[in-house]
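User: I would like to go through the reasoning behind some labels given to this protein. Please set each value against its cut-off before you conclude.

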Amino acid sequence: MPATSPSPPFLVFGSPLIEQAEIDEVVACMESAWLGTGPRVAQFERDFAAYQGLQPSQVAAVNSCTAALHVSMVASDLEPGSEVITTPMTFCASINAIIHAGLTPVLADVDPVTQCIDPAAIEAAITPRTRAILPVHFAGRPCEMDAIMAIADKNGLMVIEDCAHAIESTHHGRKAGTFGDFGCFSFYATKNVVTGEGGMITGHDEAHIARAKVLALHGMSKDAWHRFGDQGYKHYQVVEAGFKYNMMDLQAAIGIHQLARVERNWRRRDTIWNRYMAAFADLAIGLPAPPAPGTRHACHLFTIMVDAERSGISRDDFLNAMNVRRIGTGVHYLAVPEHPYYQQRFGWRPEKWPNAMRIGRQTVSLPLSPKLTDADVGRVIEAVRDLANPA
Ligand SMILES: *Cc1c(COP(=O)(O)O)cnc(C)c1O
């Protein structure tokens, strides 16, 4: 019998690159016995603000991007039932945060090429009840923020940017998350900077951020670091009904070192991205649009479009075949109106947003972590070339 070669290790989709510095920092945090919100969160906030070109008073660390989105919308003080226009090509958290803030999500279709929300579709979705726009910088490609901010200014709308994919993104020289009233970032385990679970709120208006901070910690006027530090006991006052959304020092311990390497990791993502683009150029699959001039793509997701007729394999068969080859993939995303809850609650049908529907039924995210070796990337390329038709 021929010797069978051992199966290669499973490539876990989105597995982050964790290095010794963050491991040591977590251990130091444990040894300090200050696990909750404290000096490491304060440092991570300072470092993140500096990276985004903001003041420390313009950022607030929280325990997820979902929390950041929720708190931002509560802090926006919109009357209940106000409409918030967002994209059908996003994670459910963007929609759920709108609902939990007592607001009504309204979908505007994406551009078929950029896969980001189409400014013309935003304009068409505006009603007398519209109060905010929630653009998602999809895959790390910044939305058309000049057009979106012009629409917001003309109609007096708040803008809350979902920057879960967009830590490194810039648009015409400005960082994503600094255009609107709020920017909401994610440090979930698969994102470009990880803390396990974690998020950040950014904003120009320091009063907005101060309110978001209070809301993110029970509505208390002083956080625990200030109450239990060595400055003597301070009474706190509850000034509104807040949430339990604060980031822990244990999480910030990871984030401080992850953030310090964000540019190095981005260069590795960019290299892998370009290798995929070259390797797949002659296949019958859709590839990401080239970044728009004057913008920087965060290279968070590399998504291909697999269309059964053209590519010779259905999207779901492709996902399964990659899994057989021990390569983890992702789907970002099935369009929001494909999910039963939203269909039942809002009467949404995917056909109403045809670009998002088509993308959601064809899209596959390939591994793009800086943890991938050149050999790992080679395995992904070989598998895709094996499965998809030539052009
Ligand atoms: C990951 C993600 C979120 C949620 O982030 P969490 O930190 O997991 O709450 C929100 N929006 C988009 C587009 C995401 O990809």
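Analyst: A polar contact is a pair of N or O atoms within 3.5 Å, where one atom must be able to donate a hydrogen and the other to accept it. Please keep in mind throughout that this is a predicted model.

User: What makes the approach of the R315 side chain to the backbone oxygen of G360 a polar contact?

Analyst: The side chain of R315 reaches the backbone oxygen of G360 at 2.9 Å, and because the limit for such a pair is 3.5 Å, the approach qualifies. The backbone oxygen of T363 is also met by R315, with a polar atom of the side chain 2.8 Å from that oxygen.

User: Why is R315 called buried?

Analyst: Buried means under 20% relative accessible area, and R315, at 9%, therefore counts as buried. This residue is found in helix 12, which spans residues 315–324. If neighbours within four places in sequence are set aside, R315 is in contact with V306, V331, L334, G360, R361, Q362, T363 and V364.

User: How do you know that E45 and K213 form a salt bridge?

Analyst: The closest N and O atoms of E45 and K213 are 3.5 Å apart, and because the definition asks for a side-chain nitrogen of Lys or Arg within 4 Å of a carboxyl oxygen of Asp or Glu, the pair is counted. The two residues link distant parts of the chain, since E45 is in helix 2 (residues 39–52) and K213 is in helix 7 (residues 206–215), 168 residues apart. E45 counts as buried at 11% relative accessibility, whereas K213, at 38%, counts as partly exposed.

User: Which residue forms a salt bridge with D77, and what accessibility label does each partner carry?

Analyst: D77 forms a salt bridge with R211, with the closest N and O atoms 3.3 Å apart. This pair too joins distant parts of the chain, with D77 in the loop between helix 3 (65–75) and strand 2 (83–86) and R211 in helix 7, 134 residues apart. Exposed means over 50% relative accessible area, so D77, with 57%, is exposed, while R211, with 25%, is partly exposed.

User: What makes R131 and E79 a pair that ties together separate parts of the sequence?

Analyst: The side chains of R131 and E79 meet in a salt bridge, at 3.2 Å from N to O. Because R131 lies in strand 4 (residues 130–134) and E79 in the loop between helix 3 and strand 2, the pair ties together parts that are 52 residues apart in sequence. R131 is partly exposed at 25% relative accessibility, and E79 is partly exposed with a relative accessible area of 43%.

User: How many salt bridges does a search of the whole structure find, and which residues are linked in a network?

Analyst: The search of the whole structure finds 16 salt bridges, and E19, E22, R261 and R264 are linked in a network of them.

User: Why is C116 in no disulfide?

Analyst: A disulfide needs a pair of cysteine sulfur atoms within 2.5 Å, and by this rule the count comes to zero disulfides. For C116, the nearest cysteine sulfur is that of C143, 3.9 Å away, and because the cut-off is 2.5 Å, the pair is not counted. C116 is buried, with a relative accessible area of 3%, and C143 counts as buried at 1%.

Definitions and conventions. Residues numbered from 1 in each chain as written. Predicted model: local features only at pLDDT ≥ 70, side-chain atom pairs only at ≥ 80, totals over all residues. Heavy atoms only, no water. Helix = DSSP H or I, 4+ residues; strand = E, 2+ residues; numbered from the N terminus. Buried < 20%, exposed > 50% of the residue type's maximum accessible area, 1.4 Å probe, protein only. Contact = heavy atoms within 4.5 Å.
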